[in-house]
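Welcome, and thanks for stopping by. Let's take a walk through this structure together, starting from the whole and ending with single residues.

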Amino acid sequence: MIAAAAPTRREQILKAAARLFAERGFHGVGVDEIGAAVGISGPGLYRHFAGKDAMLAELLVGISGRLLAGGRERRAAAEVAGVGPAEVLGSLIDGHIDFALDDRALITLHDRELGQLRDSDRKLVRSLQRQYVELWVEVVRKLHPGATEDTARAAVHAVFGLLNSTPHLGRPGALPGREATAALLRRLAHGALGALSD
């Protein structure tokens, strides 16, 4: 088994910034606090980022880009394996559940702080998100050909709302365990999208 690479200093800073921004809000956190969380001085952060705005942009643009890239990879891998749309959708759901359980701080950050981004960064986030939604819509419509494009898109957004509710499920320790929570979210997502054929 290959050990995962240790996070870079830049990745450590981003993780700490995401947690602190989610806990206290973008304006409630200073660079000194972010630096202290990773063991460097606040001014030392400027060797890695131009400032808090750059960190926020990298976090929100980055996660939107990773979701889209991951979705495309999952769809391509499933198609290469020759499986049908149900398996492709299952793979997309599993990938989004991993995000929803492992990156809860980024969900909170997106909900609260997207408006803090520069217009160009906010537009990029929205563009990446639209592409991610449309990837799902395409797969959903293959599985449920009777669903209109608008209905499929509404269902996809509803499922994202369901899966992205994880920050509101209580403290991480209050959840029934990662595997049990993932299994529950998986059943709920499949059930919600299955309703398109009812």
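## A guided tour of the chain

Buried residues account for 41% of the 198 residues in the chain. Please keep in mind that you are looking at a predicted model.

What is the chain built from? It holds 8 helices and 0 strands. If you read along the sequence, the pattern is α-α-α-α-α-α-α-α. The chain has a radius of gyration of 18 Å, close to the 16 Å that the globule rule gives for 198 residues, so it is as compact as a globular protein of that length. Taken along the principal axes, the box filled by the C-alpha atoms is roughly 55 × 40 × 35 Å.

Contacts tell you how the chain comes together. Of those with a separation of 6 or more, 71% are accounted for by residues 24 or more positions apart. On the outside, the accessible surface comes to about 10,500 Å², and carbon and sulfur atoms own 56% of that surface. As for charge, the chain carries 25 positive and 23 negative side chains, with 3 Å between the centres of the two sets.

Now look at how the chain is divided. Domain 1 covers residues 7-49, and domain 2 covers residues 52-195. Their C-alpha centres lie 26 Å apart. Where the two domains touch, 17 residues from domain 1 and 14 residues from domain 2 take part in the contact.

With the overall picture in place, we can visit some helices. Helix α3 spans residues 52-80, and Ala 76 is one of its residues. Is Ala 76 buried or partly exposed? Its relative accessible area is 37%, so Ala 76 is partly exposed; the buried class is kept for values under 20%, and the exposed class for values over 50%. Ala 76 sits 12 residues along the chain from Val 88, and the C-alpha atoms of the two are separated by 8.7 Å.

Next comes helix α5, residues 104-113, whose buried residues are Arg 104, Leu 106, Ile 107, Thr 108, Leu 109 and Glu 113. What covers them? The cover includes α1 (9-24), α3 and α4 (85-102). Pause at Thr 108, which lies in helix α5. Thr 108 counts as buried because its relative accessibility is 14%. Beyond its neighbours within four places in sequence, Thr 108 is in contact with Ala 22 and Pro 167.

Further along is a loop between α6 (119-143) and α7 (149-163), and His 144 lies in this loop. Although it belongs to a loop, His 144 is buried, with a relative accessible area of 8%. Which residues does His 144 touch, if those up to four places away in sequence are not counted? They are Leu 193, Gly 194, Leu 196 and Ser 197.

Our last stop is Val 156, found in helix α7. Val 156 has a relative accessible area of 0%, so it is buried. Setting aside neighbours within four places in sequence, its contacts are Val 133, Trp 136, Val 137, Val 140 and Leu 193. Leu 193 may sound familiar, since His 144 touches it too. Finally, Val 156 and Glu 134 are 22 residues apart in sequence, while their C-alpha atoms are 9.0 Å apart in space.

Notes: Residues numbered from 1 in each chain as written. Predicted model: local features only at pLDDT ≥ 70, side-chain atom pairs only at ≥ 80, totals over all residues. Heavy atoms only, no water. Helix = DSSP H or I, 4+ residues; strand = E, 2+ residues; numbered from the N terminus. Rg over C-alpha atoms; globule rule 2.2 N^0.38 Å. Buried < 20%, exposed > 50% of the residue type's maximum accessible area, 1.4 Å probe, protein only. Contact = heavy atoms within 4.5 Å. Areas by Shrake-Rupley, 256 points an atom, 1.4 Å probe, with all protein chains shown as cover. Lys, Arg positive; Asp, Glu negative; His and termini not counted. Charge placed at Lys NZ, Arg CZ, Asp CG, Glu CD. Domains from an automatic or database assignment.
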